[in-house]
Amino acid sequence: MPSLHDRILIGAVAATCSIVATMWLNDANAQTAPSAAAYPTKPIRLVVPFAPGGTTDILGRAAAAELAKAGMQTVVENRPGAGGNIGADLVAKAAPDGYTLLVGTVGTHGINQSLYGKLTYDPIKDFTPVTLLATVPNVLVVPASSPAKDVKDLVSLAKSKPGKLNYASSGNGTSIHLSAELFKTMTGTYITHIPYRGSSPALTDLIAGQADLMFDNLPSALPHIKSGRLRALAVTSDKPSPALTGVPTVAAAGGLNGYEATSWFGVLAPAGTPKEVIVKLQQTLSKALQSPEMRDKLLSQGAEASGNTPEEFAKMIESETAKWAKVVKASGAKVD
């Protein structure tokens, strides 16, 4: 049996080891768990799940610029493909430390889980919403050389050539895709879908006459409309856009009561990202989005700035998921 001296010595050694272990654990936690005060200590990666040049990219880069102004260096990384699913999956599986974020869309977080047979990520369980950046209407555009001067002309043209007309989109599962599918369902027309890896290449082919029409996000289509290379027939929102004076809604121009499809874009982080980091990101972006300068800048491009809370954005995602599930079912659209 150890002597009293030995027992005291053993106890002292054990206590010292315990203190050292606790200090090491606390130090490790301090190094791995970001705090709002210190965050960020390195550049943030903002993943845009579509090709450069589209609305998602435009808004993502605007958000990155505002974060940088606040001392949060942010690098935009385009990861296009599969209707935004490739980029969304990458962020869903990233470390929840606030250094990998996603510019999510109505496609990645409202449509895709109903449209695709199987997703490799869960739009709700795998993400923590930060804030909604903006909402935008889509716009129905045709090449300047198109014989269709308005929506009714286009419908008549499509019905006279079943399956002969084609429409471009930025990819399967996007609101651009579903806006056209809803249009087809409500007009009883058969128009072939040609998906691209983003709006920019789709618009290039549309302008060149390789596609007959497109429902594009207004910000990315607007420069081509203003230049005269594309003709805007109607917007998909429930009211005309101030960015396109004189252009009616699809519902009014086509006699399609109830037709409405609005795109939205927001920032999300992987599930489990510390609340303090989410709050800091949201407050930074919201402050920028609510400034008169940013609101006017986005409105001139056809986008309405938001900057809502994470809780409000989460509720919106849930309601949009339910809404688009009905649209997908009614259209019969499906992607394997």
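Modeller: Before we turn to the lining of the second largest cavity in this predicted model, one definition is needed: a cavity is a set of grid points where a 1.4 Å probe fits but cannot get out, and its lining residues are those with an atom within 4 Å of a point.

Colleague: By that rule, which residues line the second largest cavity?

Modeller: The lining consists of L59, A62, A63, E66, L133, L285, L289, M294 and L298, and the elements that give two or more residues to this lining are α2, α10 (275-289) and α11 (292-299). The largest share, four residues, comes from α2, and the volume of this second largest cavity is about 60 Å³.

Colleague: What makes the classes in that lining come out as they do?

Modeller: Ala, Leu and Met count as nonpolar and Glu counts as charged, so the lining has eight nonpolar, no polar and one charged residues. The charged one is therefore E66.

Colleague: How many cavities of 30 Å³ or more are there, and what volume does the largest have?

Modeller: The count comes to two cavities of 30 Å³ or more, and the largest has a volume of about 120 Å³. This largest cavity is lined by 18 residues, among which F50, T56, S170, N217 and F265 lie nearest its centre. Two or more lining residues are given by each of α2 (55-69), α4 (106-115), α6 (175-187) and β9 (262-270), with the largest share, three residues, coming from β9. By class, the lining divides into six nonpolar, 12 polar and no charged residues.

Colleague: Why can the buried residues of α5 be said to line one face of the helix?

Modeller: The buried residues of helix α5 (residues 151-160) are V151, L154, V155 and A158. Seen down the helix axis they fall within an arc of 100 degrees, and so they line one face. What covers these buried residues includes β4 (127-143), α6, β7 (213-217), β8 (230-235) and α9 (250-254), whereas K152 and S160 are exposed on the other side of α5.

Colleague: Why is K152 called exposed?

Modeller: The relative accessibility of K152 is 54%, and exposed means over 50%, so K152 meets the cut-off. K152 is found in helix α5, and its C-alpha atom is separated by 9.5 Å from that of L233, 81 residues apart along the chain.

Colleague: What caps the N-terminal end of α5?

Modeller: The cap is D150, which has a side-chain oxygen 3.2 Å from the backbone nitrogen of K152; a polar contact requires a pair of N or O atoms within 3.5 Å, and this pair therefore satisfies the distance limit.

Colleague: Is S200 buried, partly exposed or exposed, and what places it in that class?

Modeller: The relative accessible area of S200 is 30%; buried means under 20% and exposed over 50%, with partly exposed in between, so S200 is partly exposed. S200 lies in helix α7 (residues 199-207) and, leaving aside neighbours within four places in sequence, is in contact with P52 and G53. S200 and T55 are 145 residues apart in sequence, yet their C-alpha atoms are 9.2 Å apart in space.

Colleague: How do you know that the side chains of T262 and E260 make a polar contact?

Modeller: Their separation in that contact is 2.5 Å, and the limit is 3.5 Å, so the pair falls within it. T262 lies in strand β9 and, not counting residues up to four places away in sequence, touches V106, T135, V136, S237, E320 and W324.

Technical notes
Residues are numbered from 1 along each chain as its sequence is written. This is a predicted model: local features need pLDDT of at least 70, side-chain atom pairs count only at pLDDT 80 or more; totals for chains, interfaces and linings use all residues. Side-chain values use heavy atoms; hydrogens and water are left out. On a 1 Å grid over the protein atoms alone, a cavity is a set of points where a 1.4 Å probe fits but cannot get out, and a pocket is an open set with protein on both sides within 12 Å along at least five of seven lines; lining residues have an atom within 4 Å of a point. Grid points are joined across faces, edges and corners, and a volume is the space filled by probe spheres set on the points. Buried means under 20% relative accessible area, exposed over 50%, partly exposed in between (1.4 Å probe, protein chains only). The arc is that of the directions from the helix axis to the C-beta atoms. Contact means heavy atoms within 4.5 Å. A polar contact is a pair of N or O atoms within 3.5 Å; within protein, one must be able to donate a hydrogen and the other to accept it, and residues adjacent in sequence count only if both atoms are side-chain atoms.
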